[in-house]
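Here's a walk through one protein chain, from its overall layout down to a few individual residues. Keep the viewer open and click along.

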Amino acid sequence: MAPRSLAAALAAGVLACGWSSAQAASPKPVYIHMNGANEFLENLIAVRPGQKVVFVNEDTGPHTIVGYNPATGKASKRFDGAVAGTKGPGDEVHTYTISFKHQGIVYYYCSVHAVLAKEPGGWTVAKVRPGVHGFGTPMAGAIIVTTDPKLLAENPKTTSEKILPGYFGG
């Protein structure tokens, strides 16, 4: 078989198997937004292993994103980001991006607005940091890393948009 024929046969075989560049491409990032409410708008999301999670700060104040193990209360050394505030609507929005290789649940919080506390029974949870403003809930969330299509389909629609119009607030 001539080289050209081999290439054509291979291409036809790839197309017949249903492979496409869209399937080979990485999935789009999932966005988690923050604003002056001192909360993560999408505080529970699902992503595929390796898919990028982008924390978007549409607030004038800075935030941190720190992963932790609720069984031990130990903070993550790898999942530890800081995001500068954004000056105002229309200005550059600061982000922090991370991805996770393995399936499981990853917990995180903003150490500026929440503290970790042991609950009866030994589980560690994020609680509102005394003396900070906000809406009375801790600035915390969880990421489910999975291949389950049903869970992946449950993300809020806002997770597909980097910037949320009208969401800025400081």
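What follows covers the fold, the two sheets, the aromatic pairs and a handful of residues to look up.

**The overall picture**

First off, keep in mind that this is a predicted model. The protein chain has three helices and ten strands. Read along the sequence, two helices come first, then the ten strands, then one more helix: α-α-β-β-β-β-β-β-β-β-β-β-α. Of the chain's 170 residues, 35% count as buried. The surface it exposes comes to about 10000 Å², with carbon and sulfur atoms supplying 59% of that. Take the contacts between residues at least 6 apart in sequence: 66% of them join residues at least 24 apart.

**The five-stranded sheet**

How are the five strands of the open sheet ordered? The order is β2-β10-β7-β4-β5, and the pairing is mixed. β2 and β5 stand at the edges with a single partner strand each, so each has one side without a neighbour in the sheet. From one strand to the next, the twist averages 25°.

The mixed pairing is easy to see if you look at two of the strand pairs. β2 and β10 (residues 140–145) run parallel and are joined by four bridges; here V47 stands opposite V145 in β10. β4 and β5 (residues 75–83), on the other hand, pair in the antiparallel sense over five bridges. Along that pairing, Y68 sits opposite A75 in β5. β4 and β5 make a hairpin with six residues between the strands, and G73 in this hairpin takes a positive phi near 80°.

**The three-stranded sheet**

There's also an open sheet of three strands, in the order β1-β3-β6, again with mixed pairing. β1 and β6 (94–98) are the edge strands, each with a single partner, so one side of each is left without a neighbour in the sheet. Neighbouring strands here are turned by 20° against each other on average, direction ignored. β3 (residues 53–57) pairs with β6 in the antiparallel sense over five bridges, and V54 has T97 in β6 as its bridge partner.

**Aromatic pairs**

Counting rings whose centres lie within 6.5 Å, you get ten aromatic pairs. Two of them are set out here.

| Pair | Centre to centre | Angle between planes | Type |
|---|---|---|---|
| F40 and Y108 | 4.9 Å | 80° | edge-to-face |
| Y68 and Y109 | 5.6 Å | 85° | edge-to-face |

Why are these two called edge-to-face? Planes over 60 degrees apart count as edge-to-face, and the F40 and Y108 planes stand at 80°, so that pair qualifies. For Y68 and Y109 the angle is 85°.

Both pairs link separate parts of the chain. F40 is in the loop between β1 and β2, while Y108 is in strand β7 (residues 104–109), 68 residues apart. Y68 lies in β4 and Y109 in β7, so their pair ties together parts that are 41 residues apart in sequence.

Are these rings buried or exposed? F40 and Y108 are both buried. Y68 is buried too, with a relative accessible area of 11%, and Y109 counts as buried at 10%. If you'd like to see a bigger group, F40, F55, F79, Y96, F100 and Y108 form one aromatic cluster.

**A few residues to click on**

Start with H63, which lies in strand β4 (residues 63–68). H63 is buried, with a relative accessible area of 1%. Its side chain makes a polar contact of 2.8 Å with that of D59. Setting aside neighbours within four places in sequence, the contacts of H63 include M34, N35, N57, C110, H113 and M139.

N38 is also among the contacts of H63. N38 lies in the loop between β1 (30–34) and β2 (44–47), and has a positive phi of about 55° although it isn't a glycine. N38 is buried as well, at 4% relative accessible area.

For contrast, try G166, in the segment after α3 (149–152). G166 is exposed, with a relative accessible area of 86%. G166 and P89 are 77 residues apart in sequence, and their C-alpha atoms are 8.5 Å apart in space.

Definitions and conventions. Residues are numbered from 1 along each chain as its sequence is written. This is a predicted model: local features need pLDDT of at least 70, side-chain atom pairs count only at pLDDT 80 or more; totals for chains, interfaces and linings use all residues. Side-chain values use heavy atoms; hydrogens and water are left out. Buried means under 20% relative accessible area, exposed over 50%, partly exposed in between (1.4 Å probe, protein chains only). A polar contact is a pair of N or O atoms within 3.5 Å; within protein, one must be able to donate a hydrogen and the other to accept it, and residues adjacent in sequence count only if both atoms are side-chain atoms. Contact means heavy atoms within 4.5 Å. Two strands pair if DSSP finds at least two bridges between them. Axes are lines fitted to C-alpha atoms, for helices over the stretch in contact, and angles run from 0 to 180 degrees between N-to-C directions. Accessible areas come from the Shrake-Rupley method with a 1.4 Å probe; for residues, only the protein chains shown count as cover. Rings of Phe, Tyr and Trp (its six-membered ring) pair if their centres lie within 6.5 Å; planes under 30 degrees apart count as stacked, over 60 as edge-to-face and the rest as tilted.
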